[in-house]
Amino acid sequence: MKPWNKVVSQARYMSMYRNLFAYLYGANGEKPRTINEATLLVNKLWEMYPEHFEHSVTLAGFSKDELINHIVGKRLYDCSSAVCALTQDETNDFLDLKVVNDYNSTSLSNLLYDVTTPALGCAGSVLWKDGHVAIDTGSGICVDFGNEFVDCRAYPIITGNFKKSGKVKWVDYKGALNV
């Protein structure tokens, strides 16, 4: 089991080095090194989730080419794959976390135990609202992957409108506090 404080420290590092990461809906930790690799990945995911990309990229005023250029050389996650990588991968290298078992935000919500309100959650727990998850890093702050061109960010939990906080079975929460 991964210790809660490792989940928190790796999430904090991700937010501090956010320029090394990017949000891409449907991504699971890929790192396209070339424009060609990024193009193939974006085209594949765009074909799988056209409504998402039309709304989050095109209607937001961006082009597919801008998205492709934005993600080259970065480790890619969506909100749920980032939470899965942070809570499941037990390596020490936050730059190379892998998704062991990918769950979407609804599936993660259904796996939570010791569920409480976000205000009463503990560091390392998973925060959930419809269609989105984040990691509670303590001190009222969470880290998540927001959407395309927002990427990895840290912000006050209270502004996230999360509905619940809970623990996942593959993290050891012994000693975790609500601070």
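1. A friendly place to start is glutamate 54, which touches Trp46 and Leu59 once residues up to four places away in sequence are set aside. Please keep in mind that this is a predicted model. Glutamate 54 is found in helix α3, and its relative accessible area of 36% makes it partly exposed. For a sense of distance, the C-alpha atoms of glutamate 54 and threonine 106 are separated by 22 Å, with their positions 52 residues apart along the chain.

2. Next, the helix contact. Helix α2 (residues 35-48) packs against α3 at an angle of about 115°, and the two axes are 5 Å apart. That angle makes α2 roughly perpendicular to α3. On the α2 side the contact is made by Leu45, Trp46, Glu47 and Met48, and on the α3 side by Pro50, Phe53, Glu54, Val57 and Thr58. Sorted by class, the contact of α2 with α3 has six nonpolar residues, one polar residue and two charged residues.

3. Now for the rings. How many aromatic pairs does the model hold? The count comes to nine aromatic pairs. One to look at is tryptophan 46 with phenylalanine 53: the ring centres are 5.1 Å apart and the planes meet at 15°, so the pair is stacked. Are these two residues buried or exposed? Tryptophan 46 counts as buried, at 13% relative accessibility, and phenylalanine 53 is buried too, with a relative accessible area of 0%.

4. Another stacked pair joins phenylalanine 62 and phenylalanine 149, at 3.8 Å centre to centre and with 20° between the planes. This pair links distant parts of the chain, 87 residues apart: phenylalanine 62 is in the loop between α3 (50-58) and α4 (64-71), while phenylalanine 149 is in the loop between β7 (141-145) and β8 (152-156). Phenylalanine 62 is partly exposed, with a relative accessible area of 32%. Phenylalanine 149 is also partly exposed, at 23%.

5. Do have a look at the aromatic cluster as well. One such cluster is formed by Tyr13, Tyr17, Phe21, Tyr77, Phe94 and Phe145.

6. Finally, two lysines are worth finding beside aromatic rings. Lysine 64 lies over the face of tryptophan 46, 4.9 Å from the ring centre. The charged end of lysine 129 sits over the ring of phenylalanine 162, at 5.4 Å from its centre. Tryptophan 46 is a handy residue to keep in view, since the earlier points also place it in the contact of α2 with α3 and in a stacked pair with phenylalanine 53.

Conventions. Residues numbered from 1 in each chain as written. Predicted model: local features only at pLDDT ≥ 70, side-chain atom pairs only at ≥ 80, totals over all residues. Heavy atoms only, no water. Phe/Tyr/Trp six-rings, centres within 6.5 Å; stacked < 30°, edge-to-face > 60°. Buried < 20%, exposed > 50% of the residue type's maximum accessible area, 1.4 Å probe, protein only. Helix = DSSP H or I, 4+ residues; strand = E, 2+ residues; numbered from the N terminus. Lys NZ or Arg CZ within 6 Å of the ring centre and 35° of its normal. Axes fitted to C-alpha atoms, helices over the stretch in contact; angles between N-to-C directions. Parallel < 35°, antiparallel > 145°, perpendicular 65-115°, else oblique. Contact = heavy atoms within 4.5 Å. Nonpolar A, V, L, I, M, F, W, Y, C, P; charged D, E, K, R; others polar.
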